[in-house]
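Reader: Got a minute to walk me through this model? I'd like the strands, then the odd backbone spots.

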Amino acid sequence: MSISQQSQRIPGVLVEPTEEPPSLDFDDIQHFLMSRPPARAARYEFLTFHSAAGGRAWLTGLVDKVGTAKAVGSNVADARWVTVGFTWNGLRALGLSEASLASFPEEFRQGMAARADILGITGTNHPNQWGGGLASPDLHAIAILFARDVTERERCQREHEKHMKQCEGVELLSALDLEAIPPFDYAHEHFGYRDRLSQPVIAGNGVEPTPGSGPALKAGEFFLGYPDEDGPPAGMPQPENLSRNGSYVAYLRMEEHVGAFRDFLRRHGETPEQQEWVAAKLMGRWRSGAPLVLTPDKDDLSLGADYSRNNDFNFKTMDPHGYGCPLGAHIRRMNPRDTAANMNRRKMIRRGGTYGPPLPEGAPEDGIERGIAAFVGCASLVRQFEFAMNVWANDPNFHELGNERDPIFGTQDGTFDMTIPKRPIRKKIKGLPAFTTIRGGAYFFLPGIKALRYLVDLGKAG
């Protein structure tokens, strides 16, 4: 999920738009879930509003800087890479009516912290361990500032800080700086796995699915106001001009324990080749991105880098018993492909980046936090994100495994296992340690541009 240049925007190949008007309103949809800006740095700022007027003044000064899907997805240089979103409490703090607030779905009204048990976010991952005000009802908004580099990010930060000081009652709760980690020629995270290999494609956005990604999905799976895979839009928050072209996003800040991960690989692999084999079995791909289903015995760097091939596989017919990719591996749990029902209604868009400095090879843990700060975008938090967290990531009996959770992303406390099918005797790793810890999270609503102007106008008489 690290941030990289626009030239690395994959999966999918950008094609020229047709002459027919697009079904998606690219001028109204915030760019965040539709396309990636050419950015290697970003800053997430989490805000609270002590007055509705101050919050609306803040939004007034930002609305013209919010990047649209049309602007960021084009080849025209555009610095408007700001994204803004609001919690349910934030919409209330801006002065949205009680009737409108009540029309939002229950999971969004409650917020992520209140639903931690449903999500399986327990133990050291629990919201009572989070910092930065992310578990507080005072968290009202997020401003995501993208930049080409760190210098530009710092300029954006100063500009935003100056603007906030002019808006009475707007306070910064916390912030997180993000940067891509080298090498910059492909997206990857601190454990070293190539990222952004399997993303859904939205019908009508000018991108063709790569082989194995499945068909382009109807826009209503990700943006409110459009037909989804089941039919016409339904259950939209009111009024419609507030919800149309908006999306829900689940934010997770996940620390990666890189030193502990490397120590684990050394304990379970006597040679570097064996260690890479164990790392691949945990993920379901070699760190190059090559899938185990296609190359189970050794890495294939050319396959990993080939977006026309590295996602072109299934599980049910090509690897039904998990001899290539274990049944409990990360990619098999978080994208079960043809082994799960109703997959087109479960898919989500992932965005985000890496934070913290890389840990040099051979270095022990240094006490510096590093990890991934990710967003999952969808039209239904409960049907898409919460299902994935509850069932795919944290259900110990997923695929009838009995006592396993996602080895990379699931909540681990040392009591769960990892089974690696192998002939003649399978390998079972007992007491898998936690390689990641969730340090914060929240649910946000990303309104369309017209909806942002609607929120700005809430305080006007009439």
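Author: Sure, one term before we start: two strands pair if DSSP finds at least two bridges between them. Helices (H or I, at least four residues) and strands (E, at least two) are DSSP runs, numbered from the N terminus. This is a predicted model, so local features need pLDDT of at least 70 and side-chain atom pairs count only at pLDDT 80 or more, while totals for chains, interfaces and linings use all residues. Residues are numbered from 1 along each chain as its sequence is written, and side-chain values use heavy atoms, with hydrogens and water left out.

Reader: OK. How many helices and strands does the protein chain have?

Author: The protein chain has 14 helices and 12 strands.

Reader: And what is its radius of gyration next to that of a compact globule?

Author: The protein chain has 22 Å, which agrees with the value near 23 Å for a compact globule of 462 residues. That radius is taken over C-alpha atoms, and the globule rule is 2.2 Å times the number of residues to the power 0.38. Along the principal axes, the C-alpha trace spans about 75 × 50 × 40 Å.

Reader: How much of the chain is buried?

Author: 55% of the 462 residues count as buried. Buried means under 20% relative accessible area, exposed over 50%, and partly exposed in between (1.4 Å probe, protein chains only).

Reader: What share of the contacts joins residues at least 24 apart?

Author: 73%, among contacts between residues at least 6 apart in sequence. Contact here means heavy atoms within 4.5 Å.

Reader: Now strands. Which strands pair with E9?

Author: Strand E7 (residues 247–256) pairs with E9 in the antiparallel sense over eight bridges. Strand E8 (residues 349–355) also pairs with E9 in the antiparallel sense, over seven bridges.

Reader: Which residues stand opposite each other there?

Author: From E7, Tyr251 stands opposite Phe375 in E9. From E8, Gly353 stands opposite Ala373 in E9.

Reader: And how many residues of E9 are buried?

Author: Eight of the eight residues of E9 (residues 371–378) are buried, so that strand is largely enclosed by the rest of the structure.

Reader: What about E3, which way do the residues point?

Author: Val82, Val84 and Phe86 point one way from E3, while Thr83 and Gly85 point the other way. In a regular strand the side chains alternate between the two faces of the sheet. Five of the five residues of E3 (residues 82–86) are buried, so E3 is largely enclosed by the rest of the structure.

Reader: Which strand does E3 pair with?

Author: E3 pairs with strand E4 (residues 141–147) in the antiparallel sense over five bridges. Val84 stands opposite Ala143 in E4.

Reader: Switching to helices: which residues of H1 are buried?

Author: In helix H1 (residues 52–62), the buried residues are Gly54, Gly55, Arg56, Trp58, Leu59 and Leu62. Their cover includes E2, E3, E4, helix H7 (150–165), strand E5 (170–179) and helix H14 (449–456).

Reader: Now loops. Is Thr411 buried or exposed?

Author: Thr411 is buried, with a relative accessible area of 6%. Its place is in the loop between helix H13 (381–393) and strand E10 (418–420). Leaving aside neighbours within four places in sequence, Thr411 is in contact with residues including Gly120, Ile121, Asn125 and Arg405.

Reader: And where is His31?

Author: His31 is found in the loop between strand E1 (13–14) and strand E2 (41–49), and counts as buried at 0% relative accessibility.

Reader: Last topic, odd backbone. Which peptide bonds are cis?

Author: One is the bond from Pro182 to Pro183, with omega near -5°. Pro183 lies in the loop between E5 and strand E6 (207–208). Another is the bond from Gln238 to Pro239, with omega near 0°. Pro239 lies in the loop between E6 and helix H8 (240–243).

Reader: Which residues other than glycine have positive phi?

Author: Among them are Asn245, with phi near 70°, and His399, with phi of about 55°. Asn245 is in the loop between H8 and E7 and counts as buried at 2% relative accessibility. His399 is in the loop between H13 and E10 and is partly exposed, with a relative accessible area of 28%.
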